[in-house]
Amino acid sequence: MSLRQRGRGRVLDGTGGVPRRVVDAVTVTEGAPAWPVTSLARGLLRSPPRLAALSAALLSVGLTVVGLVLRLDLPPGWQPEQPATPDLAAGLTFPVVGAFLLAHRSRPATAWLMCAGGLMCAVNSFSEAATFTFAAAGDMESAGYLRLSMVTGKAVGGFLLAILFPLYSPDGRLPSRRWWPLAAAGVVVFSVDMLLNLTRPDPDPALYPWPRVIPNPLAVDFLASHNMAARGVTAVLISVLAVLALVSLVLRFRRAGPELRRQIAWPVFAFAVYVAFLLAGPAWWLAGTIWTGLIPGAIVFSVLRYQLYGIDTVVSRAFVAAGLIAAVSAMYAVGAVAGLALSGYDRIGGLVAALLAGVVFQPLRHRLRSLVDRLMYGTHGDPQALATRLAREVRETEPANALAAVAAVVKDGLSVTGVAVEVYEPGARQVQVGLLGPAPRRVPLVWHGEPVGRLLLGSPGPRRFAAAHNGRLIAAAVPYVADVAHAVRMTADLQRSRERILTAREEERRRLRRDLHDGLGHALTDMAMSINMARISLRTAPASADRLLLDLRGGMDAVSEEIRELVYGLRPPTLDELGLVGAVRALAQEGTPRVAVETEGDLSDLPAAAEVAAYRIAQEGLTNVRKHAGAGSAVISLRRGKSLVVRVQDDGRGLPSGPRSGVGLLSMRERAAELGGTCVIGAAPGGGTVVEAVLPIPAAPITAGRP
């Protein structure tokens, strides 16, 4: 797994990998949570690496600042040859950036090198200033010992930042095993250089640039004739090693793919300029110092803009917060100045500052956030623009292709390699645009509290401004995708409903054909044959003809009964004869137990489909009461309001404890579902069973065929 994938995985996995903060039907947040001080302290204590990194950063900054103060306070004769060195800038910036990366779930070797190397540079800066301070005060012995720590810090810090750091950037690994000799050579050269400086003989006072010679407690005098030349050689070798370390970074850049090239382009440029200043010599001390302080900035820019570690939203909030603090502080400063300028009106000045801060705060916050998004993502980082594109696409695309069109807009807007939308429905449907990769980010799609699908996001694509994991963009896109997913589900449900209706119609036609052909058709054929035989035997055998006619009369009764059954299967005739209430009352009077019928509302002009469904549900419910309930009484209630409610309740033994199944129960539910209603079967409050069906009825019922 690459460094980029590791960093992203931690941001994507929610509380099992993120405090990010999904979502949500969409639970997507935009950055790290604002922990209280106590929670932050506990988190640091539970994570020794973070605590160590933070301690190194604080110590480094403290040593550098103290060293700078001591340097500025030195007498003129004891001022160092160079007012500032690259180690001064490195001590202020490198450990802070390294600790920042380590504190946000990024643990490459390069971050530790930044912390350790910057700390040693801070030791060098502090020791140098302290050495001259003690020497200026006349304590030459202490100055001599402090010089040893200065030499050690300079050698170790230079090796870590000038050689190892470029070799291990940006993923914490060497480009290949062939670069091990360079790292080993760096250890040897810097160790020799440090040893030569630690054992340096005391120089000639006439050639010494400061008032008194700072003695070296580890001086080796018999090497005096060779020490200077040897240090010249090690200085050249150090420059060569720095150039070779830069070459390793350049080669890594040339051999990398587009994604890795974007990540290391800025560090390559920053180190190239630094090496140029290093080779230019002490004359370029000011430019080298300033540029050294910019190198961590280039690394942060690479990390954030190209999402090397996935912590872009953290810094986005940091930029916004810093801008707001600066702006509000400026407002109050203006108020303070106004108060001083207007003697006696300081309260008015403070009030004006407070009002200005309140008026400017929210627009400024929005503007700063937009600027940060534009800086990090370009034009693709604007949630409002993405929402506008999605709304237009949903409005203009036909329903059949809306899901694919929305997925394409999300892919382009988030700059990812691929997007897939999964819709929860029978035979789950998925539309995919592009390539998701092995570990896509999963975002649930929720429509008014109901899960309707899932949005899958691939890794950031090759485009320069990748906004794949910006929480505000995802939060802006998810509602539109959820709407389309819900519409797809509804369309699929409608299609399945149409298919069921068509299937039911064709099945009914086949049943009618079979009944007419096999039953009624054969009966009519037999009757025709009986009539012919009766005609033949009427004159010669009247008695036989009479028997045939009697059989024919019985056959006609059977045919009439069969026709009634066919008609009854289409629609109960009692509904047309008695209406819904009368037909249900007739059902109630057919047997035991005693059944009461209660009605409420106007039940005379119901749609035919609602009448049939209500009658069949009441009939099936009453059949269950008489066959299975063992009830002493039952009540059927028909109530019409905005919907038609059919309720069948008995005082029998109640529902069985085990699973319930049966054609009758399924039939009642299906009849209600066909009209878009519901049918619930449960226990009655006082014992027994209750069946309640709610059937929607149109506002203007269809009464075609009725006078």
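**Close-up views of a predicted model**

**View 1. Arg 252 and the residues it touches.** Leaving aside residues up to four places away in sequence, Arg 252 touches Leu 167, Tyr 168, Ser 169, Pro 170, Asp 171, Arg 173, Leu 174, Pro 175 and Ile 264. Please keep in mind as you look around that this is a predicted model. Arg 252 itself belongs to helix α8, which covers residues 224-255. Is Arg 252 buried or exposed? Its relative accessible area is 10%, so Arg 252 counts as buried, the limit for that word being under 20%. One of the residues it touches, Leu 167, also offers its backbone oxygen, which lies 3.0 Å from a polar atom of the Arg 252 side chain.

**View 2. A nonpolar patch on the surface, with helix α8 in it.** Stay with helix α8 for a moment, and look for Val 240, which is found there. Val 240 is one of the residues that make a nonpolar surface patch of about 450 Å². Its companions in the patch are Val 236, Val 243, Leu 244, Val 247 and Leu 279. Which helix gives the patch its largest share? That is α8, with five residues. Val 240 has a relative accessibility of 42%, so this residue counts as partly exposed.

**View 3. Strand β1 and its two partners.** Here the strand to find is β1, made of residues 418-423. How many of its six residues are buried? The count is six of six, so the strand is mostly covered. Cover comes on both faces: Gly 418, Ala 420 and Glu 422 are buried on one side, and Val 419, Val 421 and Val 423 are buried on the other. Strand β2, residues 429-434, pairs with β1 in the antiparallel sense over six bridges. Within that pairing, Val 421 has Val 431 of β2 as its bridge partner. Strand β4, residues 450-457, also pairs with β1 in the antiparallel sense, here over five bridges. Ala 420 has its bridge partner in β4, namely Leu 456.

**View 4. A salt bridge between strands β4 and β1.** The side chains of Arg 454 and Glu 422 meet in a salt bridge, with 2.8 Å from N to O. This pair links distant parts of the chain: Arg 454 sits in strand β4 and Glu 422 in strand β1, 32 residues apart. Glu 422 is buried, with a relative accessible area of 16%. Arg 454, at 25% relative accessibility, counts as partly exposed.

**View 5. A salt bridge between two helices.** Side chains of opposite charge can pair when their charged atoms come close. The structure holds five salt bridges, and one that joins helices is formed by the side chains of Glu 128 and Arg 71, at 2.9 Å from N to O. Glu 128 lies in helix α5 (residues 109-136) and Arg 71 in helix α3 (residues 48-72), so the pair ties together parts that are 57 residues apart in sequence. Are these two residues buried or exposed? Both Glu 128 and Arg 71 are buried.

**View 6. A salt bridge between strands β9 and β7.** In this last view, the side chains of Glu 692 and Arg 647 meet in a salt bridge of 2.7 Å, N to O. Strand β9 (residues 689-696) holds Glu 692 and strand β7 (residues 643-650) holds Arg 647, so parts that are 45 residues apart in sequence are tied together by the pair. Glu 692 is partly exposed, with a relative accessible area of 27%. Arg 647 is partly exposed too, with a relative accessible area of 23%.

Notes: Residues numbered from 1 in each chain as written. Predicted model: local features only at pLDDT ≥ 70, side-chain atom pairs only at ≥ 80, totals over all residues. Heavy atoms only, no water. Helix = DSSP H or I, 4+ residues; strand = E, 2+ residues; numbered from the N terminus. Buried < 20%, exposed > 50% of the residue type's maximum accessible area, 1.4 Å probe, protein only. Polar contact = N/O pair within 3.5 Å; in protein donor to acceptor, adjacent residues only side chain to side chain. Contact = heavy atoms within 4.5 Å. Pairing = 2+ DSSP bridges. Salt bridge = Lys/Arg side-chain N within 4 Å of Asp/Glu carboxyl O. Patch = residues over 30% accessible without salt bridge, like charges linked within 9 Å, V, L, I, M, F, W, Y side chains within 5 Å. Areas by Shrake-Rupley, 256 points an atom, 1.4 Å probe, with all protein chains shown as cover.
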